[in-house]
Each structure stands twice: as C-alpha cells, then as structure tokens.
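Got the viewer open? Let's take a short walk through some charged side chains, one stop at a time.

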Amino acid sequence: MMIPWGGISCCLSGAALYLLGRSSGRDAEVLKSVAKVNQLKELAKLLDIESKVLPLVVAISGRVGAESPISCEFSGLRGVIVEETAEQHFLKHNDAGSWIQDSALMLSMSKEVPWYLDDGTDRVYVVGARGASGFVLTVGSEVFEESGRSLVRGTLDYLQGLKMLGVKRIERVLPTGTSLTVVGEAVKDDIGTVRIQRPHKGPFYVSPKSIDELIGNLGKWARWYKYASLGLTVFGAFLITKHVIRYIMERRRRWELQSRVLAAAKRSGQDNEGSNGKAENGSDGAKRERPIPDLCVICLEQEYNAVFLPYILFLTKFSHQNLALQANSYTIR
C-alpha cells in the first residue's frame with residue numbers, strides 16, 4: 001500500500017496553521033490584558049506602585065525623538081536608526097550563451113543613537129527596538145549609480161563574462177517625529193530614567209499602529225489561520241480516505257477474483273474425478289471431455305485468446321483452427 005503523501009502533507013500543514021492561529025490568538029489576548037498608559041507622565045508613578053511585585057508590561061504611544069539624531073547622507077532626513085546597503089548590479093554570461101542579471105551585496109551598515117518616545121508630558125527611552133515585532137524602517141532614499149563606461153574596463157569585464165551596470169544604494173531610516181506604539185516591559189534605572197525593553201516573558205512590539213489596531217490585526221490573522229487549517233485538514237482527510245477506499249476496493253476485487261479462480265479450479269477437479277469414475281465403471285462406455293475454465297491469467301475475468309508456448313511461440317485460438325485445417329488437408333492428400 002502506497003502512503004498518501006499528499007493527504008498527509010495537507011494535514012500536517014493544517015496542524016502548523018492551527019498552531020500559528022493559536023499563537024496569534026494568544027498574543028491578541030495578551031495585548032488585551034496589557035496596561036495602557038494614556039500619558040507618559042503617569043508611567044513613573046505606575047512603576048513605583050506595581051513593579052515591586054511583578055514586571056510591568058505596558059503599552060505607550062508617542063513621537064520619536066533623540067538628543068543627537070543622525071543626519072542621513074542621501075535623503076537628508078534626521079533619524080535615530082539608519083541602515084545603508086549598497087548592491088552591485090551586473091550582467092553575467094551563463095553556460096547557455098545568454099546574459100542574465102544578478103547582484104551582489106557590497107556594503108551593509110547600521111547606525112543607532114539613544115532615542116525615546118515623547119507625548120508632550122514626558123519621555124520614555126526605548127531599548128532593543130530592532131528585535132521587536134512589527135518594527136519596520138522607512139525607505140528614505142533609493143539611488144542607482146551607473147558604472148563608468150571605459151573601453152579598457154568594458155573589455156576586461158566582457159572577457160570575464162561580466163557587464164557592470166551600477167550600484168544601487170538604499171537608505172532605510174526611523175525618522176524623528178514618527179508616531180509609534182511600543183508594548184514592552186517598563187523599568188526605571190538608578191537615576192530615575194524610565195525605559196521600555198523586551199520582557200523576559202511577554203509581548204514586545206514597536207509599530208506605527210495603535211494598540212487597538214495591533215489587537216485587531218492579530219485576531220484577523222488568527223481567524224484566517226483557523227479557516228485555512230480547517231480547509232487543509234478536511235482536504236487532507238478526503239485524500240487519505242479516498243486512498244484507503246481505493247485500496248480496500250482493490251483488495252476486495254482481488255480477493256473476489258481469487259475466489260472465482262479457486263472455485264473454477266475446484267469445479268474442474270470435481271468434473272475430472274467424476275469423468276474418471278464413470279469411465280472406470282463403464283457407465284457411459286466412452287470418455288467425455290470436460291471443458292476446462294478458459295480464464296485469462298492476467299485479468300482473471302475474460303476468456304483467454306492467446307497462449308505463450310516454449311521458445312516464445314505465440315499462437316491464438318484462430319491459429320490453432322488454421323493449423324488443424326491444414327493438417328486435415330495434408331492427410332486427405
């Protein structure tokens with residue numbers, strides 16, 4: 001019996017989506033239980049009261065700021081986190097004789113300065129935002145610098161199977177003044193500075209969406225994963241059931257054919273014994289031939305119309321009749 005890998009794969013994919021849906025739903029429920037701080041000036045008081053027992057996970061909102069922001073080279077923006085990448089784009093000659101476009105990373109650089117959220121009442125520093133869920137940098141600039149065209153350089157590149165196109169520089173930045181929502185653990189250091197960081201256990205989000213939008217988005221994904229999991233599981237169960245039914249039907253058909261063949265062979269043996277007994281007793285006075293079941297040994301359903309003899313001689317019933325006629329004609333002559 002062949003294993004129905006298609007159905008098993010669908011069921012496993014459905015189980016994986018079910019787990020993702022449960023995880024998203026659990027994260028949504030956790031975000032609903034997070035303390036929402038409307039004004040940042042209230043966070044310090046809340047820390048003094050509640051953080052003495054358990055770690056305090058809160059949701060705050062504000063605008064990005066920094067004491068000494070970074071000035072971007074290409075876009076001219078001022079940001080607190082800047083990532084620069086440079087990719088060399090070129091055409092290369094493949095084995096088929098054609099040119100295909102490809103790229104290679106030349107430079108990847110990242111800068112960050114201490115930054116905070118400010119809502120006008122107070123400021124709270126944010127630590128480790130890059131590892132948070134929902135954190136995305138804005139593309140500040142995207143510039144393509146074409147390579148210089150010279151005869152010598154072009155000839156050397158062509159001999160190496162390359163054609164340099166240029167360098168693509170991308171600058172991603174978290175600009176100052178951006179409105180963000182941060183969900184994380186609130187702590188206060190020895191000098192009284194309040195900051196938000198990744199909790200040991202719990203959610204950590206840095207997103208331009210509000211807390212209500214985050215909860216709604218997680219709930220939507222949880223429902224989508226649930227429906228997709230249900231669909232894949234049902235389809236996988238259908239494939240497995242179909243395969244099992246087909247296997248059972250084939251086994252049943254094979255068993256029925258074997259039973260028919262055994263019954264035919266048994267009847268043939270009984271008929272032969274009866275013929276022999278009658279011949280010995282002399283009741284009929286002559287031997288009568290009993291027909292042998294002419295079942296095909298391949299399909300076990302229809303009568304056979306061809307036989308294979310030693311030395312790979314192929315004869316049909318019609319050939320047998322022709323040979324018999326020819327033998328009779330030779331005898332008459």
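Is Lys36 buried, exposed or partly exposed? Select Lys36: this residue is partly exposed, with a relative accessible area of 45%. Keep in mind as you click around that you're looking at a predicted model.

**Stop one: Lys36 and its partner.** Now add Asp212 to the selection. The two side chains meet in a salt bridge, 3.2 Å from N to O. Zoom out a little and you'll see that the pair links distant parts of the chain: Lys36 sits in strand β1 (residues 35–36) and Asp212 in helix α4 (residues 211–281), 176 residues apart. Asp212 counts as exposed, at 51% relative accessibility, because the cut-off for exposed is over 50%.

**Stop two: between two strands.** Pick Lys92 and Asp102 next. Their side chains form a salt bridge too, at 3.2 Å from N to O. Lys92 belongs to strand β4 (residues 78–93) and Asp102 to strand β5 (residues 99–112), so this pair ties together parts that are ten residues apart in sequence. Both ends are partly exposed: Lys92 at 32% relative accessibility, Asp102 at 29%.

**Stop three: along the helix.** Head back to helix α4 and select Arg252 and Glu256, which lie four residues apart there, about one turn of the helix. What joins Glu256 to Arg252? A salt bridge, with the closest N and O atoms 3.5 Å apart. Arg252 is exposed, at 52% relative accessible area, while Glu256 is partly exposed at 37%.

Want to keep exploring? The structure holds eight salt bridges, including the ones on this tour.

Conventions:
Residues numbered from 1 in each chain as written. Predicted model: local features only at pLDDT ≥ 70, side-chain atom pairs only at ≥ 80, totals over all residues. Heavy atoms only, no water. Salt bridge = Lys/Arg side-chain N within 4 Å of Asp/Glu carboxyl O. Buried < 20%, exposed > 50% of the residue type's maximum accessible area, 1.4 Å probe, protein only.
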